[in-house]
Amino acid sequence: MYYDKNTTIYLNGQWIKAQDATTGLYQQSFHYGNGVFEGMRSYKTSKGAKVLKIKEHFERLLYSADKMYIDLKYSVDELTAICYELLEKNNMQDAYIRPLVYTDENMGLQPESKANLFMCAWEWGKYYDQPVRAMTSPFRRPDPKSCHVEAKVTGHYTNSLIAIKDAKQKGFDEALLLDNHGFVAEATGANFFFQKNDTLFTAPRGNILPGITRSLVMDLAKENGIKVEEKHFTPEEVYNADGAFFTGTAVEINPIESLDEKPFKKAWNETFGHELHQQFNHFARTA
Ligand code: PMP
């Protein structure tokens with residue numbers, strides 16, 4: 001699914017076939033989860049591929065690397081050039097792009113700073129096939145006092161993996177995770193918004209990965225006169241709201257049908273989420 005015999009990837013300054021790429025087994029990232037990464041999407045426009053919010057994504061990659069003591073010796077401009085060359089070499093326009101920075105061989109518990117950069121792309125359609133049935137997860141997001149929650153670190157995703165597995169085992173599509181104080185934080189790979197009384201609400205920064213899509217959606221809402229409030233709220237405040245949706249690079253803007261089997265009141269196409277999704281599609285596909 002992710003590559004075939006023709007797929008080209010970028011690895012430490014070289015363009016090689018995905019199937020020929022190798023890596024060592026003693027890299028610290030494998031053992032202790034200290035790698036940083038991004039998830040980006042490119043869209044086909046009249047002027048070719050456009051990677052949505054590319055600058056913001058690479059700035060976040062550099063921020064994440066810095067927080068984790070990884071010495072990533074690339075600038076945003078260099079990363080941008082590699083990214084577009086990657087798309088060109090693979091003849092892709094609508095694609096998902098995955099830059100991963102993993103560290104060198106080191107079995108000690110001193111953070112290894114030497115970075116390896118891997119970048120690849122594949123065609124990835126819709127993340128969910130339909131409106132999502134979400135449940136409040138018994139798992140909580142990592143405490144910001146324990147790790148850098150605003151950094152996109154590979155190890156943080158063990159929390160996402162167990163939460164989504166638990167939700168699926170219970171018959172749901174997605175898990176909505178609370179923060180350590182019991183307020184709604186975010187999903188396993190997406191931010192959360194709900195609509196009530198003509199206002200959109202989303203969790204403030206602090207206990208979430210502040211998504212680039214979340215920020216774009218807030219900008220689009222502002223442009224369209226839709227009020228957005230960042231505040232702490234509990235799942236009970238979300239029950240029976242007018243509507244709700246997830247935002248993220250992979251999920252884009254995806255409707256949520258229900259939370260804990262309590263359906264949202266309005267039809268999707270009557271909600272702000274639907275309106276913003278249309279705006280988002282237009283923005284993403286405009287050169
Ligand atoms: N929260 C988490 C935990 C995520 O993994 C993601 C995906 N990167 C998001 C939110 C959404 O972030 P973005 O819009 O930048 O993709």
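Modeller: Before we start, one term: a polar contact here is a pair of N or O atoms within 3.5 Å. Please keep in mind that this is a predicted model.

Colleague: Happy to. Which side chain has an N or O atom 2.5 Å from an oxygen atom of the ligand?

Modeller: Let's go through the ligand's partners, taking 3.5 Å as the cut-off. Arg60 has a polar side-chain atom 2.9 Å from a ligand oxygen, and for Thr249 that distance is 2.6 Å. Both pairs fall within the cut-off, but the value you ask about, 2.5 Å, belongs to Tyr157.

Colleague: How much of the ligand's accessible area does the protein cover?

Modeller: On its own, the ligand has 380 Å² of accessible area. Around it stand 16 residues, and the closest are Tyr157, Glu186, Ile212, Thr213 and Thr249. The share of that area covered by the protein is 96%.

Colleague: Turning to the pockets, where does the second largest pocket lie with respect to domain 1 and domain 2?

Modeller: This pocket holds about 620 Å³, and Tyr127, Lys152, Tyr157, Thr188 and Gly189 are the lining residues nearest its centre. Domain 1 (8-122) contributes to the lining, and domain 2 (132-284) does too. Because both domains give residues, the pocket lies between them.

Colleague: And which element gives the largest share of the lining of the second largest pocket?

Modeller: The lining has 30 residues, made up of 14 nonpolar, 10 polar and 6 charged. Two or more residues come from each of β6, α4 (157-169), β10 (184-187), α5 (212-223) and β14 (243-248). With 4 residues, the largest share comes from α4.

Colleague: What is the volume of the largest pocket?

Modeller: Its lining consists of 23 residues, with Phe30, Leu100, Tyr102, Phe118 and Cys120 nearest the centre. Two or more residues are given by each of β1 (8-11), α1 (28-32), β6 (95-103) and β7 (115-122). The space comes to about 720 Å³.

Colleague: How many residues of the lining of the largest pocket are charged?

Modeller: The largest share of this lining, 4 residues, is supplied by β7. Sorting the lining by type gives 14 nonpolar and 8 polar residues. That leaves the charged group, with a count of 1.

Colleague: What about closed spaces: how many cavities of 30 Å³ or more are there?

Modeller: Rolling a probe the size of a water molecule over the atoms shows where empty space is left. The largest cavity has about 80 Å³ of space, which is above the 30 Å³ limit used for the count. The number of cavities is 3.

Colleague: Which element supplies the largest share of the lining of the largest cavity?

Modeller: Domain 1 and domain 2 each give at least three residues to this lining, which divides into 5 nonpolar, 4 polar and 2 charged. Among the lining residues are Arg41, Tyr43, Ile212, Thr213, Leu216 and Thr249. Two elements, β4 (40-45) and α5, supply at least two residues each. The largest share, 3 residues, comes from α5.

Notes:
Residues are numbered from 1 along each chain as its sequence is written. This is a predicted model: local features need pLDDT of at least 70, side-chain atom pairs count only at pLDDT 80 or more; totals for chains, interfaces and linings use all residues. Side-chain values use heavy atoms; hydrogens and water are left out. On a 1 Å grid over the protein atoms alone, a cavity is a set of points where a 1.4 Å probe fits but cannot get out, and a pocket is an open set with protein on both sides within 12 Å along at least five of seven lines; lining residues have an atom within 4 Å of a point. Grid points are joined across faces, edges and corners, and a volume is the space filled by probe spheres set on the points. Ala, Val, Leu, Ile, Met, Phe, Trp, Tyr, Cys and Pro count as nonpolar, Asp, Glu, Lys and Arg as charged, and the others, Gly among them, as polar. Domain bounds come from an automatic or database domain assignment. A residue is near a molecule or strand if one of its heavy atoms lies within 4 Å of it. A polar contact is a pair of N or O atoms within 3.5 Å; within protein, one must be able to donate a hydrogen and the other to accept it, and residues adjacent in sequence count only if both atoms are side-chain atoms. Accessible areas come from the Shrake-Rupley method with a 1.4 Å probe; for residues, only the protein chains shown count as cover.
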